[in-house]
Amino acid sequence: MTDSAKETLRQAALFYHENPKPGKLEIRATKPLANGRDLSRAYSPGVAEACLEIKDDPENAARYTTRGNLVAVVSNGTAVLGLGNIGALASKPVMEGKAVLFKKFADIDCFDIEVDQPDPEKLAEIVCALEPTFGAINLEDIKAPDCFIVERICRERMNIPVFHDDQHGTAIVVGAAATNALHVAGKKFEDIKIVSTGGGAAGIACLNMLLKLGVKRENIWLCDIHGLVYEGRIEDMNPQKAAFAQKSDLRTVDDVIDGADLFLGLSGPGVLKPEHVAKMTKRPVVFALANPTPEIMPDLARQVAPDAIIATGRSDFPNQVNNVLCFPFIFRGALDVGATEINDAMQVACVEGIAALARATTSAEAAAAYSGEQLTFGEDYLIPKPFDPRLSGVVSTAVAKAAMETGVAKRPLKDLNAYKQKLDASVYKSALLMRPVFQAAATASRRIVFAEGEDERVLRSAQAILEETTETPILIGRPEVITHRCEKLGLEIRPERDFKIVNPENDPRYRDYWMEYHQIMCRRGVSPETARAIMRTNSTAIGAIMVHRGEADSLICGTFGEFRWHLNYVNQVLGTPSSHVHGALSLMILEDGPLFIADTHVRSRPSPQELAESAIGAARHVKRFGLEPKIALCSQSQFGNQAEGSGQRLREAITILDSEPRDFCYEGEMNVDAALDEKYREMVLPGNRMTGTANVLIFAHADAASGVRNILKMKADGLEVGPILMGMGNRAHIVTPSITARGLLNMAAIAGTPVTAYS
């Protein structure tokens, strides 16, 4: 990297830390404080009630305060990630960053505490005195051997988890990577020889973890800057190193590396030479974890050992050993069961959970976050990526389970499956809301045909459908392309074995399909030649014909192309007087709950009848999510204050709705703020028929509906489920090109639910 490029990166990093406000953290209130009533509850006199409850039972602190979800990151800055002993104050940006990771990956609140105290025993005294404030302590960047002293004292005196992440976090991720590396190499822990460089906290912890996983102590050869750690050595020794001392006359890495199966480096650049790697066994495992420059660069190792399995601490090479795979989730599980410590069983459970995730099919979200990388289990994908959303549910649940089984959980969970679902829901914003839909879909085995069957998102959703539902996916696409992409993406599914396909280029039903399409369209200007061409090239039309013929129950299309182009063919083939599209409903999942928007795509300027149909259809779909529909028909007009325009059409729609008894609440025409603010609505029209906040907004113009939908997506971090095509009896849904694989899974669940009326 050039000096200019380095300076550019430096300035960008400084700008990031300074703007728009200094630092990476802030504190926000979780309760309202808008008036005297709130103040009397938050502080005097109401706060006394919570204090007394905690005085009577200390466990109530987890009920009435943040303690049960609050971690301290504590450092004295004596060993900061490659920067060395830079002091407590200079370490603060690193500790703030650690706190941000806790919040981002596990929704754990965190205070960074930098203590200007180099004496380990005095530092331990300070940490112990913090126990009333925190649910757990993360020790960070404390030099060895002081870190061993601090952790030991704190663990002995404190009744909450104390975890030195530089030691145990690194050890856990190394353990997971080693588990899978040996799986790839066809070796076992109990049989391997290990040479390790680096006798610091992380190196010692990694070796201890490998012992727990089955490595024999006599097969571990530990070297540091002075050479081999051997029996009788005096220079730079401590009890932690002495535990791995070998009775040997050998003295250097070059002396001991012969026949090694695994090299574990937590030392410095250039420690491992190519000639050392050449002396290792076939299929050697090389973990060169020094940062920023590894003990050996991967290309140099592969020059002498092309079959080497390599991991580093860097993100620009495969298999980055990164503690963020571990610490947020081990703390999440420990906090949620009120663990008094993080013991060996919990750490091993973490290892096993991380390793198992890498061997499983890669998540679509991780694939999207690391676009262009090959995320298929093997020598270049030994451990999951940090942004894999499954980590929270899998690893935290495994840790919580181990805590309960070993008796250190003060608040054991009654239902681990429910706990995992809750964690998944916190990661997948749609998971909790979609649960009733998935449960309903599980009662029926519907066949869902995907028009764009070669799309990566469709393939990933097909894998998820087979894993999570009883539905049967059918993909339209070329078999060889689908097979190749499944293999490339590391998906286990294969055409014909796991799902049916329709090959537009060569399908035995081709003649039946084009003749069926021609019969439908022959009096609408479609010739036999045109029908044949469409059935060779138009996958949406093919999918619609399959539903029409009863070969599929529902069509999902639209991952590319314009919405109304797809709508044209859906209407052509599946539209009837009793089954016709009358709107698209978008579910927006927001921080304060769900909000449905219609009509976002179908009618540019819906008539009163179409507006009424949208309201009726929306009510049916809202009920499928286990919610009570509260529908607001929205306009610039407010309860009749504008005689013409959209207000007039909405008033006529209200009249149509009023003509028959309805089993849902609706009101209008009104402004959006009146729909969402009950007090304001009551002020404008006292005694109106709606109570609470509307959860469905029906607009008189598609421009308005689409605009609100897009604003909520881009500015309110809203997650869209949909659009849901209303009026087709669940026989077709047209998504948009921005949809994710998870979004397609959600739509498949919606399509997989049978309906009794056209909605």
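## Cysteines

Start with the cysteines: this predicted model holds 0 disulfides. Two of the cysteines sit in rather unlike surroundings. Cys-51 has 48% relative accessibility, so it counts as partly exposed. Cys-557, on the other hand, comes out at 0% and therefore counts as buried.

## Domains

The domain assignment cuts the protein chain into domain 1 (37-160), domain 2 (168-317), domain 3 (324-423), domain 4 (437-574) and domain 5 (583-725). To get a feel for the layout, look at domain 2 and domain 4: their C-alpha centres lie 52 Å apart.

## The nonpolar cores

Now for the inside. In soluble globular proteins, nonpolar side chains tend to be buried together. Here the largest nonpolar core has 102 residues, and the members that touch the most others are Ile-137, Leu-210, Phe-287, Phe-331 and Ile-354. Helix H8 (residues 165-185) supplies the largest share of this core, with 10 residues. Another core lies apart from it and has 55 residues, including Ile-448, Ala-653, Tyr-666 and Leu-744.

Phe-287 is a good place to zoom in. Setting aside its neighbours within four places in sequence, Phe-287 is in contact with Val-174, Ala-177, Ala-178 and Ala-181, and also with Leu-262, Phe-263, Leu-264, Gly-265, Ala-311 and Leu-382.

## Helix H9

Helix H9 runs over residues 201-212, which makes 12 residues. From its first C-alpha to its last it reaches 17 Å, close to the 16 Å expected at 1.5 Å a residue. H9 is mostly covered, with 10 of its 12 residues buried. Those buried residues are Ala-201, Ala-202, Gly-203, Ile-204, Ala-205, Cys-206, Leu-207, Met-209, Leu-210 and Leu-211. One of them, Leu-210, also turned up among the residues of the largest core that touch the most other members.

Just after H9 comes Gly-214, which takes a positive phi of about 120 degrees.

## The listed stretch from Val-80 to Gly-87

UniProt, in an unreviewed entry, lists Val-80, Leu-81, Gly-82, Leu-83, Gly-84, Asn-85, Ile-86 and Gly-87 under "binding site". Let's look at two of these. Gly-84 lies in the loop between strand E1 (70-75) and helix H5 (92-106). Its relative accessibility is 27%, so Gly-84 counts as partly exposed. Leaving out neighbours within four places in sequence, Gly-84 is in contact with Gly-77, Thr-78 and Ala-79.

Ile-86 is found in the loop between E1 and H5. With 31% relative accessibility, Ile-86 counts as partly exposed. Not counting residues up to four places away in sequence, Ile-86 touches Gly-77, Val-80 and Ser-91. Gly-77, then, is on the contact list of Gly-84 and on that of Ile-86.

## Asp-166 and its listed partners

The unreviewed UniProt entry also gives "binding site" for Glu-140, Asp-141, Asp-166 and Asn-291. Where is Asp-166 found? Asp-166 belongs to helix H8, the helix that gives the largest share of the main core described above. Buried or exposed? At 18% relative accessibility, Asp-166 counts as buried, because the cut-off for that is under 20%.

Which residues does Asp-166 touch, not counting those up to four places away in sequence? They are Glu-140, Asp-141, Ile-142, Ala-202 and Asn-323. Glu-140 and Asp-141 are in the UniProt list with Asp-166, while Ala-202 is one of the buried residues of H9.

How values were computed:
Residues numbered from 1 in each chain as written. Predicted model: local features only at pLDDT ≥ 70, side-chain atom pairs only at ≥ 80, totals over all residues. Heavy atoms only, no water. Core = buried A, V, L, I, M, F, W, Y, C linked by side-chain atoms within 4.5 Å. Buried < 20%, exposed > 50% of the residue type's maximum accessible area, 1.4 Å probe, protein only. Helix = DSSP H or I, 4+ residues; strand = E, 2+ residues; numbered from the N terminus. Contact = heavy atoms within 4.5 Å. UniProt positions renumbered as here; feature names shortened; annotations may be inferred. Domains from an automatic or database assignment. Disulfide = S-S within 2.5 Å. Expected span 1.5 Å × (residues − 1).
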